[in-house]
Structures are given as structure tokens and as C-alpha cells.
Amino acid sequence: KVRYNKVFGYFIEVPKSQAEKVPLHYVRKQTLVNAERYVTEELKAFEEKALTASERRKALEFELFEALRMKVAAGAGRILSAAAHLAVLDVVFTLAEVAGRYDYSRPRVNTGGRIAITGGRHPVVERTLPAGRYVENSVSLDMTDNQVLIITGPNMSGKSTVLRQTAVTAILAQMGSFVPARDAEVGMLDRIFTRVGALDNLALGQSTFMVEMQETANILNNVTEKSLVILDEIGRGTSTFDGLSIAWAVAEFLHDVWDRGVKTLFATHYHELTDLALSCPRVKNFHVTVKETEGGIVFLRTLVPGGTNKSHGIAVARLAGVPDTVVDRARQILSVIEESEADRVRRAIRSRKAGRKARGGVQLTLFSPDALPSEPPRPENPRTPDPEAA
């Protein structure tokens, strides 16, 4: 039998009983108890050929690769040009296939800055829902009337989706694609600024609110009148009054900057911001509709004109499974807190008008010192005796 091991390589193994019949040209390699092992010149030649086949194969493969590489390098210019054209065709055909398959429409691009989207959809979100379940929404932005849209509504109602689908539609239109809408007109934009969601950066010691404010600062310092700004929940990372003040001031700035303003979609839970429309002519209020029922609320996800003074946060908490005792107590506390909100908003509007009249510029503060009420008188402590009476 011809055998192989790593020590001797290939060899011929012959039982002891047959050792006398071994030819004279066999060379003894090893003696075992029951067998003798031999090698021959022919077997050594085969071993060399078999054991070096892998190295020779690799050498031949590299030689052929080098030849192919030289041939490709000689035609590199033509190959790169063909690849570039194929890449463009790949993108264009893909956009065409998506447009035809999902009923996109051809947008009209203008230089006046107007954005008018009728029956707009989010291209990703609509694919995750069953057919016919996605609710279309229309958005109109311009520089003369509907410049800053304040969008209110409860969590999960679809505010963020409306913001994102508007930005995606603007990008698709400007890159030459059809858009997910029944009809769309999109003005040329230089940049789209977004502040949607926020995470902390523990490695740099930055809180969620700090990251949010850095993103907001970047927008306010770099935005131009040809930009589109998407803001989702400014000021939620700090106290209610601080957050409301910042959100109010940011909205005013985007309305007033350069005396022309910037096209802005501003989703918020601060319903007080809807009163900006009373003093800012290009601010318009919209809200995402819900339907209240005995069992809770139903999200209709339709964007309609007008503000809302309800966030339905407590109803959402009930949907999430918060105990009824907690939900009922939250309603009691909410009714007490809301009693003082109307007066605060009126003072804020007065402060804006007074500030603009005095300085003629952008008024960023929510409460001017003159508009704040004086400190209320301290109630007498019945336990403290009156010194004069003593």
C-alpha cells in the first residue's frame, strides 16, 4: 500500500510476510514490527510533484493576475468612463423604477423659493405600512405669507413625519427625481437645516440639551433666506419655562432675520407658540388631527390649519398602560397649571411689540423686564409679632 505521513512523506508499506518479494530497487525507509516501509525514485518524483503543486499554482495565478492588471491599466481611462456612465444610469433607472412602482409625480422647480406639496408622503414610512394606510398631507411654504409653520399635536400623531417628508421631497426634487406626492412645486434651496431628535455625548461631557442647543446655534448662525429649516421640539431638554422661552425666541428670529425670514417647519408641544401668529404676520399655525372617543384618542394624522391647545399627552399615557389613578391625578394637576398660562402668553406678546417698537430690530427675549409684574407682597406671618404692637 502507498501511504503518506508528515515525517516520511509518501512510502510503500509491505507486510513482513511479503518482504522477500520486494524488488531490489526499493530502498528501505523504516522497519516496523509487522511491516517494512520503502521508497522508490518514481515515488520521490511523484511526491515532489504533488507537494509543490500548491506553490506552483499560486505562482501561475499571480503571473496571470499581473498580465491581466497590465492589460486593465492600459485601458483604465475607458473603463473608468464606462463605470461612471453606468453608475449614472443605475441611479436614474432606479429612480425611474421607484417613481413608476410607487406612483411618484414630476415636480416643478422654481427660483422664487415657494414650496407647495400636495398629497405628500414619506417614501420610507409608507413602505412599512399596509397599502392604503398612509395618510397624505399637503404643505405650503413661501416668503410672503406662509413662511414659519408652527405645527402642534400629540406624540405619535405624525408631526415629525410631515417635517421629514417635506425635507426628503425637497432633496429629491433638486436632484432630478420624481417625488412621493400627487403634485409638487419646490423652490431652489442652498441648504436644509434639521434639528430632529437629540442624544447626549457622554464622551465629551455634553448633555442632551447641550447637543440640542449646539445644533440650534449652528442653524441660527449659518441659515440664509434660501434655506429650509426643520425644527422638532426645540427646548424640551430643560425646564418648561426655559424651553418655551428659547423656542419662542428661535421662532421669532427665523421669522425676522434680515427682515425677510427663513422658510421653517417648527413642530412643538409648546402650544403657547401658536400665539406668535398674533404678532408675526408670516407665522401660520397648523395641527395634526386626532379624534377623542370614550376609550381614548384615535390618530387621524391629517395636517390642517389652526393651532391646538391640547397635547393629549395624558391620553397617550393611558394608551401606554399608565394606571388610571395616575392618569386621573395628572388631569387634576393639568387643569390647575393651565389656569395661569394665558396670562403669561399675553405678557410675552406685549414684550415683543414693545421691544420691536423701541429698537426696530429682532426681539429675541420672551419676557422683557418692563413686562414682568412686580414682586407680589409677602403675606404676613401670623406667628411673627408686630414690633410696634409690642
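Let's start with the aromatic rings: Tyr4, Tyr10 and Phe46 are joined into a cluster by ring pairs. Keep in mind as we go that this is a predicted model. The count of aromatic pairs comes to three. In one of them, Tyr4 and Tyr10 have ring centres 4.8 Å apart and planes at 50 degrees, so the pair is tilted. Tyr4 is partly exposed at 43% relative accessibility, and Tyr10 is partly exposed as well, at 22%.

Another aromatic pair is made by Tyr26 and Tyr38, and it is tilted too, with 6.0 Å from centre to centre and 55 degrees between the planes. Tyr26 sits in the loop between strand 2 and strand 3 (27-31), while Tyr38 belongs to strand 4 (residues 35-39), so this pair ties together parts that are twelve residues apart in sequence. Is each ring buried or partly exposed? Tyr26, with a relative accessible area of 24%, is partly exposed, whereas Tyr38, at 5%, counts as buried.

Now turn to the charged side chains. Side chains of opposite charge can pair when their charged atoms come close. Across the whole structure, a search finds 17 salt bridges. One of them joins Glu13 and Arg3, at 3.2 Å from N to O. Glu13 is in strand 2 (residues 9-15) and Arg3 in strand 1 (residues 2-5), so their salt bridge ties together parts that are ten residues apart in sequence. Glu13 counts as buried because its relative accessibility is 19%, and buried means under 20%. Arg3 is partly exposed, at 35%. These two residues also belong to a network of salt bridges that links Arg3, Glu13 and Arg37.

Further along the chain, Lys284 and Asp145 meet in a salt bridge of 3.2 Å, N to O. Lys284 is part of strand 13 (residues 283-293), and Asp145 lies in the loop between strand 7 (137-141) and strand 8 (148-152), so the pair connects parts that are 139 residues apart in sequence. Lys284 is partly exposed at 23% relative accessibility, as is Asp145 at 37%.

Helices are tied together in this way as well. A salt bridge of 3.7 Å, N to O, brings together the side chains of Asp328 and Arg318. Asp328 is in helix 9 (residues 324-338) and Arg318 in helix 8 (residues 313-319), so parts that are ten residues apart in sequence are linked. Asp328 is partly exposed, with a relative accessible area of 38%, and Arg318 is partly exposed at 29%.

Finally, let's look at the nonpolar interior. In soluble globular proteins, nonpolar side chains tend to be buried together. Which members of the largest nonpolar core touch the most other members? In this core of 24 residues, they are Val139, Leu141, Leu149, Ile151, Leu228, Leu265 and Leu303. Several elements each supply at least two residues of this core, including strand 7, strand 8, strand 11 (228-232) and strand 13. Helix 5 gives the largest share, six residues.

Leu228 is a good place to zoom in. Beyond its neighbours within four places in sequence, Leu228 contacts Ile115, Leu141, Ala167, Ala170, Leu189, Arg191, Ile192, Phe193 and Lys263. Apart from the largest core lies another one, of 23 residues, whose members include Val148, Leu231, Leu273 and Cys280.

Technical notes:
Residues numbered from 1 in each chain as written. Predicted model: local features only at pLDDT ≥ 70, side-chain atom pairs only at ≥ 80, totals over all residues. Heavy atoms only, no water. Salt bridge = Lys/Arg side-chain N within 4 Å of Asp/Glu carboxyl O. Helix = DSSP H or I, 4+ residues; strand = E, 2+ residues; numbered from the N terminus. Buried < 20%, exposed > 50% of the residue type's maximum accessible area, 1.4 Å probe, protein only. Core = buried A, V, L, I, M, F, W, Y, C linked by side-chain atoms within 4.5 Å. Contact = heavy atoms within 4.5 Å. Phe/Tyr/Trp six-rings, centres within 6.5 Å; stacked < 30°, edge-to-face > 60°.
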